[in-house]
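Subject: Structure for you to look at

Hello,

Please find the structure we talked about just below. Have a look at it first, and then read my notes underneath.

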2 protein chains.
Amino acid sequence: MIASIEAAPRRPTSAEETRRRIEDTAEQLFRSMGYQKTAVADIARELGMSPANIYRFFASKSAINEAIAQRMLGGLEAEIWTIARSDLAPPERLASLLRTLHRRHLALFFAERRLHDMVTAAMAEHWGVVERFIQACVTAIRHVLMDGMAAGDFARGDAEAEAKAVKQAIIAFVHPVLIAECVGRNTPEAELAADLDGVIALILRGLKNVN
Amino acid sequence: MIASIEAAPRRPTSAEETRRRIEDTAEQLFRSMGYQKTAVADIARELGMSPANIYRFFASKSAINEAIAQRMLGGLEAEIWTIARSDLAPPERLASLLRTLHRRHLALFFAERRLHDMVTAAMAEHWGVVERFIQACVTAIRHVLMDGMAAGDFARGDAEAEAKAVKQAIIAFVHPVLIAECVGRNTPEAELAADLDGVIALILRGLKNVN
């Protein structure tokens, strides 16, 4: 009986699991070799699959990249919402949310410069994914602003418009091209963080309830 | 006598005038053909000069581009200082200064998309010129903030740090790459202007003297 259990055929990998394995392997290769230099054939070889099998799951390397971008941004979005819904006072919550956005974007470029062409490709080819993420960030910021308006920390106003203005005001600290520029010029991380704190302080004073 | 005046040799063009003519002609060609597609030989032909003669004045096409960038940014810098030193109340002066920066940068891309590769080349090859311009903008903003602090419009604080924060907060509206992105996505000019007004309103409330 034991022998027959050992010999039992492995439960077939579900399509979902295979997609996930392809994404994981592709992400590893994009990180180590760079996006442009990685071919679908490399991903297939690493997985012991045929390229044709990969194409059953993803129409192109670009489609794999889209799935990875969606996953990464989905994780960051969840983190942002955890902060937006935390028990911190709204001004601290907003500061924490903006600093987290900056740190996560920065990590992508300081720690993993090879991801740059992957992100650039995602922004050019899958702007919809990026745009939905940006919109989710604005919604999370609005959530904090509305809490702050209700609690009397922030002056009452158009929370949607204010959230959009806050998002625009911190673009220097989260846009991949601008971060890449700072990295290229060797701007120290601490200087960037201090600059962001200056902008956050200005934003918080602008939002403050002065009555 | 009249005949001899007419026949008198034209006063020799000074080196400064020749440089200026080369810059003017190059700028026209960059605008009409694009920076990358314009060769020094094209500029020479247009001027009825030999390329060798151009190289007596500029070491390369890149050096001509540097001179043009310096001239353009110099003109904008003068305009910014006129606003910074105007009689408007400091908050209006600051708003006007920031809107002017946005409009001038935008015109460069909406009206003259061909200038994009010229600006991109200038940013990559002559960052010193661009950086000096950015620093001049921060200095002009600081000038307005100090006037506003003295007049009681703005809360007293570190004018240099505040000016830097203001500059960072409006990067979305002046950075060539971000403007090019908006142009590429056909964001209407009016929407951009309204977004900028939202950020300016937030900045002005943040700077306000609330005592």
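What follows is a short account of how the chains meet and of some charged pairs.

This is a predicted model, in which local features need pLDDT of at least 70 and side-chain atom pairs count only at pLDDT 80 or more, while totals for chains, interfaces and linings use all residues. Residues are numbered from 1 along each chain as its sequence is written, chains are lettered from A and ligands numbered from 1 in the order in which they are written, and side-chain values use heavy atoms, with hydrogens and water left out.

I begin with the two chains together. A rotation of 180° with 0.0 Å of shift along its axis superposes chain B on chain A, with an RMSD of 0.0 Å (a least-squares fit on the C-alpha atoms of residues with pLDDT of at least 70 in both). The two copies are thus related as by a two-fold rotation axis, and in chain B the C-alpha nearest that axis belongs to Gly206(B), 1.8 Å away from it.

At the interface, 26 residues of chain B are in contact with 26 residues of chain A, where contact means heavy atoms within 4.5 Å. Because 100% of the interface residues of chain B are also interface residues in chain A, the copies meet through the same surface.

There are six salt bridges between chain B and chain A, a salt bridge being a side-chain nitrogen of Lys or Arg within 4 Å of a carboxyl oxygen of Asp or Glu. Helices H9 (159-169), H10 (176-184) and H11 (189-207) of chain B each supply at least two residues of the side that touches chain A; helices here are DSSP runs (H or I) of at least four residues, numbered from the N terminus, and strands are runs (E) of at least two. H11(B) gives the largest share of that side, nine residues.

One bridge across the interface joins Lys164(B) to Glu191(A), with the closest N and O atoms 3.9 Å apart. This pair runs from helix H9 of chain B to helix H11 of chain A.

Which residue pairs with Arg93(A) in a salt bridge? The partner is Asp147(A), the closest N and O atoms being 2.8 Å apart, and the pair links helix H6 to helix H8 of chain A, 54 residues apart. Arg93(A) counts as buried at 7% relative accessibility, whereas Asp147(A), at 30%, is partly exposed (buried means under 20% relative accessible area, exposed over 50% and partly exposed in between, with a 1.4 Å probe and protein chains only).

Best wishes
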